[in-house]
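Here's a quick tour of surface patches, charge pairs and one buried spot. Have the structure open while you read.

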Amino acid sequence: MSEVRLGDVIDDYCVKCRRLTNHSVVSMLNSVPAKVRCRTCYNEHNYLHEEVPPKKDAKKEALFKEVLSSINPAATEEEKGAVPKKAKTRARK
């Protein structure tokens, strides 16, 4: 592959379109694209090296589990197996 220059068209993942599209190189840092502009929606973002960023839900879930385990690891294991969930009941008139 030849060296990339400003204005060249490269493929990258667009965070707005949520798909792999053509992008124009907007800025470079040490001969590597730093910012690109989507040629479909014209959104400008950091160059993601054609990789889909991880979903935010996975990050939140991992952090939530880490916080729970740091609080009291024994209590979280007991709650999983010992305490069943109560069924919701409707009040009768």
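What follows covers the salt bridges, then the surface patches, then a buried serine.

Keep in mind that this is a predicted model. How many salt bridges does the structure hold? There are 2 of them, set out here:

| Acid | Base | Closest N and O atoms |
|---|---|---|
| Glutamate 44 | Arginine 37 | 2.7 Å |
| Glutamate 61 | Lysine 65 | 3.3 Å |

In the pair from the first row, glutamate 44 is partly exposed, with a relative accessible area of 38%, and arginine 37 also lands in the partly exposed class, at 35%. The other pair sits within helix α1: glutamate 61 and lysine 65 are 4 residues apart there, about one turn of the helix. Glutamate 61 comes out at 46% relative accessibility, so it counts as partly exposed.

Now for the patches. Helix α1 runs over residues 56-71 and has lysine 60 in it. Lysine 60 is part of a surface patch of positive charge, together with Arg18, Lys56 and Lys59. With 56% relative accessibility, lysine 60 counts as exposed because the cut-off is over 50%.

There's a greasy counterpart too: Phe64, Val67, Leu68 and Ile71 make up a nonpolar surface patch, with about 410 Å² of accessible area together. Leucine 68, again in helix α1, is partly exposed at 33% relative accessibility.

Is serine 24 buried or exposed? It's buried: its relative accessible area is 18%, and buried means under 20%. Serine 24 belongs to strand β2, residues 19-29. Apart from neighbours within four places in sequence, serine 24 is in contact with Asp8, Lys35, Val36, Arg37 and Arg39. Arg37 there is the salt-bridge partner of glutamate 44.

Note on methods
Residues are numbered from 1 along each chain as its sequence is written. This is a predicted model: local features need pLDDT of at least 70, side-chain atom pairs count only at pLDDT 80 or more; totals for chains, interfaces and linings use all residues. Side-chain values use heavy atoms; hydrogens and water are left out. Patches are made of residues with over 30% relative accessible area and no salt bridge: like charges are joined within 9 Å, nonpolar side chains (Val, Leu, Ile, Met, Phe, Trp, Tyr) within 5 Å. Accessible areas come from the Shrake-Rupley method with a 1.4 Å probe; for residues, only the protein chains shown count as cover. A salt bridge is a side-chain nitrogen of Lys or Arg within 4 Å of a carboxyl oxygen of Asp or Glu. Lys and Arg count as positive and Asp and Glu as negative; His and the chain ends are not counted. The place of a charge is taken as NZ of Lys, CZ of Arg, CG of Asp or CD of Glu. Helices (H or I, at least four residues) and strands (E, at least two) are DSSP runs, numbered from the N terminus. Buried means under 20% relative accessible area, exposed over 50%, partly exposed in between (1.4 Å probe, protein chains only). Contact means heavy atoms within 4.5 Å.
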